[in-house]
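Trainee: Could we go through this model together, moving from the interior to the surface? I would like to see how each conclusion is reached.

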Amino acid sequence: MRGMKPLQPLRGVRVLSLALNLPGPAALMRLRAMGARCTKLEAPAPQGLDSSDPMAQYSRKAYDEMHTGIRRIEADLKSPTGQRKLHRTLASSDVLLTSFRPSALRKLGLDWPALRRTYPALCMVAIVGSPGERADEPGHDLTYLAEAGLVDGLNTPPTLFADMGGALLASEAVLRAMLHRQHSGKGCFQEVALSEAADWLALPRHWGLTVPGAAVGGGHAGYRVYPCKDGRVAVAALEPHFARALCTVAGLTPRSLAGMFDADTHEAIAAYLRSKTRRQLDKLATEHDLPLHTLPAN
């Protein structure tokens with residue numbers, strides 16, 4: 001309901017993040033929104049820059065948005081001074097969030113067995129590329145999506161699905177960790193793999209829902225992107241009552257579910273939508289309670 005304050009189930013939880021680039025900072029942004037007190041530790045910035053996180057150079061807008069309200073500190077974790085600063089912060093933290101490979105964490109003395117001995121109540125969420133024995137393999141969003149079967153042709157995907165999905169899984173892992181500690185009094189370790197986030201997002205394709213010709217893969221005439229007179233229109237009239245309404249406004253006799261897959265149904269709806277402007281279609285969506293969204297031309 002409008003005006004309701006968002007729940008903050010992590011109010012008072014102290015999160016220390018060492019994670020760079022996109023998944024870790026995006027997860028930290030969500031954790032802060034859930035009430036966590038978030039600190040980001042970065043290596044000292046190179047000369048002339050104010051952050052060592054590559055995201056600050058890739059997209060300053062993204063970096064700034066993800067770090068709004070996040071306390072930032074600097075420390076060289078390869079130095080004794082930096083290690084002391086890290087451990088002072090860890091001593092007052094509930095959760096450590098990382099995105100280093102396991103081999104790098106071991107070199108820094110931040111592998112889970114070592115941390116658990118020193119901080120038995122600490123929870124650790126480690127974002128990795130692939131799970132288990134593959135966690136040290138190099139990779140990025142594009143390779144995880146390719147492995148999950150989500151890259152078509154030579155075009156890169158329109159957003160970083162694995163990274164953002166991984167951020168959601170990481171914030172979920174923090175919630176699980178806090179529930180576990182609340183019941184057991186002990187810290188825990190959780191690994192979040194970006195490849196598994198891609199696999200989760202790929203499940204509709206795996207189930208056959210989005211393959212070409214399937215119900216939400218272009219086979220159903222009520223669930224497609226069509227050209228219109230001055231742009232495009234995304235039509236999502238999948239449920240029978242929406243499909244009937246779409247057929248009616250297009251001047252067609254309402255079709256059965258099987259009939260929505262017929263070529264003549266596609267052709268008739270396409271012809272009708274091509275004859276309308278985006279403004280006319282926006283009005284039609286409101287008047288007939290149709291799930292349509294107009295878009296400019298490519």
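Mentor: Let us begin with a term: a residue is called buried when its relative accessible area is under 20%, and exposed when that value is over 50%. Please keep in mind that this is a predicted model.

Trainee: Which residues of helix 4 are buried, and on which side of the helix do they lie?

Mentor: Helix 4 spans residues 80–90, and its buried residues are G82, Q83, L86, T89 and L90. Because they cover an arc of only 125 degrees around the axis, they lie on the same side of helix 4. In general, an α-helix has 3.6 residues a turn, so residues three or four places apart point the same way. The answer is therefore one and the same side, made up of G82, Q83, L86, T89 and L90.

Trainee: What do these buried residues of helix 4 pack against, and which residues are exposed on the other side?

Mentor: The buried residues pack against strand 1 (14–17), strand 2 (37–42), strand 3, strand 4 and helix 6 (112–118). On the other side of helix 4, the exposed residues are P80, T81 and R88.

Trainee: In the largest nonpolar core, which residues touch the most other members, and which helix supplies the largest share?

Mentor: This core holds 37 residues, of which L10, V15, L31, V95 and V125 touch the most other members. Elements that each supply at least two of its residues include helix 1 (23–33), strand 5 (123–128) and helix 8 (161–184). The largest share, seven residues, comes from helix 8.

Trainee: Leaving aside neighbours within four places in sequence, which residues is L10 in contact with?

Mentor: L10 is one of the residues that touch the most other members of the largest nonpolar core. With its neighbours within four places in sequence set aside, L10 is in contact with L31, M34, G35, A36, V174, L175 and M178.

Trainee: Is I70 buried or exposed?

Mentor: I70 is found in the loop between helix 3 and strand 3 (71–74). Apart from neighbours within four places in sequence, I70 is in contact with L28, R32, C38, T39 and K40, and the C-alpha atoms of I70 and R32, 38 residues apart along the chain, are separated by 7.7 Å. Because its relative accessibility is 10%, I70 counts as buried.

Trainee: Which residues form a nonpolar patch on the surface, and what is their accessible area together?

Mentor: One member, W200, is found in helix 9, and W200 counts as exposed because its relative accessibility is 58%. The patch is formed by F161, W200 and L201, and their accessible area together is about 320 Å².

How values were computed:
Residues are numbered from 1 along each chain as its sequence is written. This is a predicted model: local features need pLDDT of at least 70, side-chain atom pairs count only at pLDDT 80 or more; totals for chains, interfaces and linings use all residues. Side-chain values use heavy atoms; hydrogens and water are left out. A nonpolar core is a set of buried Ala, Val, Leu, Ile, Met, Phe, Trp, Tyr and Cys residues joined through side-chain atoms within 4.5 Å. Buried means under 20% relative accessible area, exposed over 50%, partly exposed in between (1.4 Å probe, protein chains only). Helices (H or I, at least four residues) and strands (E, at least two) are DSSP runs, numbered from the N terminus. Contact means heavy atoms within 4.5 Å. The arc is that of the directions from the helix axis to the C-beta atoms. Patches are made of residues with over 30% relative accessible area and no salt bridge: like charges are joined within 9 Å, nonpolar side chains (Val, Leu, Ile, Met, Phe, Trp, Tyr) within 5 Å. Accessible areas come from the Shrake-Rupley method with a 1.4 Å probe; for residues, only the protein chains shown count as cover. A salt bridge is a side-chain nitrogen of Lys or Arg within 4 Å of a carboxyl oxygen of Asp or Glu.
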